[in-house]
Amino acid sequence: MFYRAAGDEGGCQFQSEKIMFYVIGLGLGDAKDVTVKGLEIIKRCNRVYLESYTSVLTVQQESLEEFYGRPLIAADRELVESGADEILPRNEDEDVAFLVVGDPFGATTHTDLVLRAKEKAIQVKVIHNSSILTAVGCCGLQLYSYGEIVSIPYWTDTWRPDSFYEKIASNRQRGLHTLCLLDIKIKEPTLESITKKKKEYMPPRFMSVNEAASQLITILDNKIQDEGHKDLAFTRQSLAVGLARVGCEDQHIVACPLQDMMHADLGSPLHCLVIPAEKLHPLEIEFLTQFALDKNQFKEMMQ
């Protein structure tokens, strides 16, 4: 069991606590989005890991290292999910920080890491930061009107799940918006890597709102073909809101019909997509108008 002597940290007194493993949110923008408390901890830890697969910042690891004034250890999916013991503190004299884009609890993987630390009687300290789950409010749709969040995965030739459609449908039936988090692929093994146990990875991929909209429309078309036009959760003409690089200087938001979202240019990653409720509050409509690709068309849709 690891213990640390009493000390003063950020104005809080700790007595005989095992404060050794820190999970620190980095926010959504660049290196400077880290909190002051988080930065102070990063500078004094013995080892600092940068989680690099559930999300990414718009700056390279080298830029973070320059700003933090110390080296970072890249933590990919394999290390986090299979090598937790390697990450966690190894003795009572070692502090370890684990850096997460957004907020530490934005991904279940990080919850698992915290539980593993506590199983070893290692005290965990979490430093929160902004997350897309709250920052999505920048588009003007009110946060308390969101329902269950969905993830839209990349399809393959043999794997085309569409269960996320039902979650969107459920939210729409209750008059709620849906935040769709879009798939990213970082250090995904190639087929040859899996079959021959040779470590090779595919190039990074980040799903765009165009690809997400296209998959949703394919699901709609399939449902129309199989079931007719009855009880569709939304249509090609339903409003969609695309967001790119939320929290960055070049943040970009677009509001348009879902079919037009397939061709909207939001630029580089990261993207997310919102399928709003069928009925919007007047303030939501007023705020969204500034992002409409075609303001006249948008006004007609809102009537």
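These legends walk through several close-up views of a predicted model.

**Figure 1. The whole chain, before we zoom in.** The protein has 303 residues, and 48% of them count as buried. Its secondary structure comes to twelve helices and 14 strands. Look at the contacts between residues at least 6 apart in sequence, and you'll find that 70% of them join residues at least 24 apart. Keep that in mind for the views below, where several pairings link distant parts of the sequence, such as Val124 with Phe21, 103 residues apart along the chain.

**Figure 2. Helix α7 meets helix α9.** Here we have α7, residues 163-173, and α9, residues 209-227. Their axes come within 10 Å and cross at roughly 85 degrees. Angles of 65 to 115 degrees count as roughly perpendicular, so that's the label for α7 and α9. On the α7 side, the residues that do the meeting are Phe164, Tyr165, Glu166 and Ile168. On the α9 side, they are Gln215, Leu216, Ile219, Leu220 and Lys223. Sorted by class, this contact has six nonpolar residues, one polar residue and two charged ones.

**Figure 3. Into the largest pocket.** About 1100 Å³ of space lies in this pocket, and 42 residues line it. If you want to find its centre, look for Thr54, Ser55, Leu181, Leu182 and Ile184, the lining residues that lie nearest to that point. Several elements each supply at least two residues of the lining: the helices α5 (108-119) and α6, plus the strands β8, β9 (178-182), β10 (184-185) and β14 (271-275). Which element gives the most to the lining of the largest pocket? That would be α5, with three residues. As for the character of the lining, 24 of its residues are nonpolar, twelve are polar and six are charged.

**Figure 4. The second largest pocket.** This one has a volume of about 380 Å³. It is lined by 16 residues, and those nearest its centre are Val56, Leu57, Val59, Gln60 and Gln61. Strand β4 (47-51) and helix α2 (61-68) each supply at least two lining residues. Of the elements here, α2 gives the most, with three residues. The lining of the second largest pocket breaks down into nine nonpolar, five polar and two charged residues.

**Figure 5. Serine 145 in its loop.** Serine 145 is found in the loop that runs between α6 (132-135) and β8 (150-152). Is serine 145 buried or exposed? With a relative accessible area of 15%, serine 145 is buried, because the cut-off for that word is under 20%. Setting aside residues up to four places away in sequence, serine 145 touches Gly175, Leu176, His177 and Glu284.

**Figure 6. Valine 124 and its neighbours.** Valine 124 sits in strand β7 and is buried, at a relative accessible area of 10%. What does valine 124 contact, leaving aside its neighbours within four places in sequence? The answer is Phe21, Val23, Val114, Ala117 and Lys118. Take Phe21 from that group: its C-alpha atom and that of valine 124 are separated by 5.0 Å, with the two positions 103 residues apart along the chain.

**Figure 7. Around serine 268, with a cis peptide bond in the same loop.** Serine 268 has its place in the loop between α10 (258-261) and β14. Serine 268 is partly exposed, with a relative accessible area of 38%. Its contacts, not counting residues up to four places away in sequence, are Ala244 and Arg245. Serine 208 is 60 residues away along the chain, yet the C-alpha atoms of serine 268 and serine 208 are separated by 8.4 Å. Also in the loop between α10 and β14 is leucine 270. A cis peptide bond joins proline 269 and leucine 270, with omega at about -5 degrees.

**Figure 8. Two residues with a positive phi.** Neither residue in this view is a glycine, but each has a positive phi. Alanine 121 has a phi of about 60 degrees and is found in the loop between α5 and β7 (123-127). For arginine 245, phi is about 55 degrees. Arginine 245 lies in the loop between β12 (239-244) and β13 (252-257), and at 8% relative accessibility it counts as buried. You've met arginine 245 already, as one of the residues that serine 268 touches.

Key: Residues are numbered from 1 along each chain as its sequence is written. This is a predicted model: local features need pLDDT of at least 70, side-chain atom pairs count only at pLDDT 80 or more; totals for chains, interfaces and linings use all residues. Side-chain values use heavy atoms; hydrogens and water are left out. Helices (H or I, at least four residues) and strands (E, at least two) are DSSP runs, numbered from the N terminus. Buried means under 20% relative accessible area, exposed over 50%, partly exposed in between (1.4 Å probe, protein chains only). Contact means heavy atoms within 4.5 Å. Axes are lines fitted to C-alpha atoms, for helices over the stretch in contact, and angles run from 0 to 180 degrees between N-to-C directions. Angles under 35 degrees count as roughly parallel, over 145 as roughly antiparallel, 65 to 115 as roughly perpendicular and the rest as oblique. Ala, Val, Leu, Ile, Met, Phe, Trp, Tyr, Cys and Pro count as nonpolar, Asp, Glu, Lys and Arg as charged, and the others, Gly among them, as polar. On a 1 Å grid over the protein atoms alone, a cavity is a set of points where a 1.4 Å probe fits but cannot get out, and a pocket is an open set with protein on both sides within 12 Å along at least five of seven lines; lining residues have an atom within 4 Å of a point. Grid points are joined across faces, edges and corners, and a volume is the space filled by probe spheres set on the points.
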